[in-house]
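User: I would like to learn how to read strands, sheets, ring pairs and surface patches in a model. Please take me through them one at a time.

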Amino acid sequence: MASFRVTGGTRLQGEIIPQGAKNEALQILCAVLLTPEKVTIHKIPNIRDVNKLIELLSDMGVKVEKLGPESYRFQADQVNLDYLETEDFLKKASALRGSVMILGPLLARFGKGKLSKPGGDKIGRRRMDTHFFGFQKLGAKFHYDSKNEIFHIDGKNLKGTYMLLDEASVTGTANIVMAAVLAEGKTTIYNAACEPYLQQLCDMLNRMGAKITGVGSNLLHIDGVKELGGTEHTMLPDMIEIGSFIGMAAMTQSEITIKDCQIHRLGIIPDTFRRMGIQMEFRGDDIFIPAQKHYEIETFIDGSILTVADQIWPGFTPDLLSIVLVTATQAKGTVLVHQKMFESRLFFVDKLIDMGAQIILCDPHRATVIGLDRKYPLRGIRMTSPDIRAGVALLIAAMSANGVSVIDNIEQIDRGYQNIDARLNALGAKIERIS
Ligand SMILES: CC(=O)N[C@H]1[C@@H](OP(=O)(O)OP(=O)(O)OC[C@H]2O[C@@H](n3ccc(=O)[nH]c3=O)[C@H](O)[C@@H]2O)O[C@H](CO)[C@@H](O)[C@@H]1O
Ligand SMILES: C=C(OP(=O)(O)O)C(=O)O
């Protein structure tokens, strides 16, 4: 297990380019299985989860050609379905959450799919019922081998239908859309998730010949087609990384410019950080954040405590709540952070409390942060990163703290943040990777 040794108290300065979006990449990479033709993808982040998925695709027989540091070409013209029967496949697939999205394409194109329980963050219950209900509505048969924790899905000749999803699951919607594009007839998906990741996936599928309308809304209409062709696709900048950099700049009193953010695709993210008192300026498509000694959290109009809660898109993404929370620890004012979706994502606050932050964990879903307004800096400590976003929140806390911190289990951070130590050190951070 590797660790970061972080010397706190340094200010960052300069420009940083966000990586391609992790959660978009996981969807887009799975979609290459839908066609025997070549698919070229740009701005693929060089992160653990994405690299594991590329390796899995390659082991399944997909031809993978690296064209440049962030560009690859894939061709799934000879997928080896026998590989799905191996222990190696089950083990590799269960190493990340995103692997679940190979099921939709496999079902659509080959009439069957199989997967062991996917990995990803241990942030509470992460059910997958929506995925399988959707496949079943399209006519597939689902079987769960509970002893070995293996999901089986079978069904040739999928038929389009109407479905109302029981929840707007992000990966669930992606999976069902990828199964439905090759089903016969019309599929309507209501209560679909509509994150930019999904908009990008649908746009890419349409370029491959799919017929999807309603993209960006929670009502998707899909006219099934017989086959899909190749295409070229470029990933959006990672909005979670952008939000992480905004919080990091505020906490460390740094002046940074986040380049090429595609601001119009960030939804409510910039406004949410503004409500935390963080100044930012849009300069074309860059976000400039000035060094700020103080930032004051707004109250609601009636004077009551601001609540920042997660919601399905276009609400505030749950993946940035840990960043909002850590940023609030040095703000002036109070905020209630309400993590509705996951029940184990706020427990990392005990580490921030050890560092000197004033936080009351009201229950597993809600934490009240009383900002210190920099009257007392956080203290460096040794801690473990429990999940990807808490990991970066702890990194931000350590960068702002007095003294040295050690963060263990940084594999969690490496899952989703590309070369983060080197990129931040280039701006003046002092982060050392130790093993
Ligand atoms: C690889 C990937 O893309 N992972 C993202 C994806 O995970 P993932 O697709 O696994 O998450 P889901 O959208 O399925 O669900 C997230 C959680 O929220 C709950 N839920 C979901 C929808 C809803 O309307 N109400 C509700 O309570 C679910 O039961 C689950 O506990 O979406 C999550 C929610 O944005 C993000 O945190 C993950 O980073
Ligand atoms: C929870 C996350 O990832 P995963 O779904 O891959 O665990 C995340 O990206 O914040």
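Analyst: What follows is a short tour of selected features.
The model is predicted: local features need pLDDT of at least 70, side-chain atom pairs count only at pLDDT 80 or more, and totals for chains, interfaces and linings use all residues. Residues are numbered from 1 along each chain as its sequence is written, chains are lettered from A and ligands numbered from 1 in the order in which they are written, and side-chain values use heavy atoms, with hydrogens and water left out.

User: How are strands defined, and which strands pair with strand 16?

Analyst: Strands (E, at least two residues) and helices (H or I, at least four) are DSSP runs, numbered from the N terminus. Two strands pair if DSSP finds at least two bridges between them.
Strand 14 (residues 255–258) pairs with strand 16 in the antiparallel sense, over three bridges. In that pairing Ile-256 has Ile-289 as its bridge partner. Strand 15 (residues 281–283) also runs antiparallel to strand 16, joined by three bridges, and here Phe-282 is matched with Ile-287. Strands 15 and 16 form a hairpin with two residues between them, and Gly-284 in the turn has a positive phi of about 60°.

User: Which side chains of strand 16 are buried?

Analyst: Buried means under 20% relative accessible area, exposed means over 50%, and partly exposed lies in between (1.4 Å probe, protein chains only). In strand 16 (residues 286–289) both faces are covered. Asp-286 and Phe-288 on one side are buried, as are Ile-287 and Ile-289 on the other.

User: How do the side chains of strand 13 point?

Analyst: In strand 13 (residues 231–234) they alternate. Thr-231 and His-233 point to one face and are buried, while Glu-232 and Thr-234 point to the other and are not. Strand 3 (residues 38–42) runs parallel to strand 13, with four bridges between them. The bridge partner of His-42 in strand 13 is Thr-234.

User: What is the strand order in the open sheet that includes strand 1?

Analyst: The order is 21-22-1-23, in an open sheet of four strands with mixed pairing. Strand 21 (382–384) and strand 23 (431–434) are at the edges with a single partner strand each, so one side of each has no neighbour in the sheet. Neighbouring strands here are turned by 20° against each other on average, direction ignored; axes are lines fitted to C-alpha atoms, for helices over the stretch in contact, and angles run from 0 to 180 degrees between N-to-C directions. Strand 1 (residues 3–7) and strand 23 run antiparallel and are joined by four bridges. Arg-5 stands opposite Glu-432 in strand 23.

User: And which strands are at the edges of the sheet with the order 17-18-20-19?

Analyst: That open sheet has four strands and mixed pairing. Its edge strands are strand 17 (306–309) and strand 19 (358–363), each pairing on one side only. The twist averages 20° from one strand to the next. Strand 19 pairs with strand 20 (residues 366–370) in the antiparallel sense over five bridges, and Ile-359 has Val-369 as its bridge partner in strand 20.
In strand 18 (residues 334–338) we find His-338, which is partly exposed at 23% relative accessibility. The C-alpha atoms of His-338 and Ala-309 are separated by 4.5 Å, although these residues are 29 apart along the chain.

User: How is a pair of aromatic rings described?

Analyst: By the distance of the centres and the angle of the planes. Rings of Phe, Tyr and Trp (its six-membered ring) pair if their centres lie within 6.5 Å; planes under 30 degrees apart count as stacked, over 60 as edge-to-face and the rest as tilted.
This structure holds eight aromatic pairs. One of them, Phe-132 with Phe-135, is edge-to-face, at 6.1 Å centre to centre and 70° between the planes. Both residues lie in helix 5 (residues 129–137), three residues apart, about one turn of the helix, and both are buried. Tyr-144 and Phe-151 form a stacked pair, with 4.7 Å centre to centre and 25° between the planes. Tyr-144 is partly exposed at 31% relative accessible area, whereas Phe-151 is buried at 8%. Ring pairs link Phe-132, Phe-135, Phe-142, Tyr-144 and Phe-151 into a cluster.

User: Which residues make the nonpolar surface patch?

Analyst: Tyr-162, Leu-164, Tyr-190 and Leu-219 make a nonpolar surface patch of about 390 Å². Leu-164 lies in strand 9 (residues 162–164) and counts as exposed at 51% relative accessibility.
Patches are made of residues with over 30% relative accessible area and no salt bridge; like charges are joined within 9 Å, and nonpolar side chains (Val, Leu, Ile, Met, Phe, Trp, Tyr) within 5 Å. A salt bridge is a side-chain nitrogen of Lys or Arg within 4 Å of a carboxyl oxygen of Asp or Glu. Accessible areas come from the Shrake-Rupley method with a 1.4 Å probe, and for residues only the protein chains shown count as cover.
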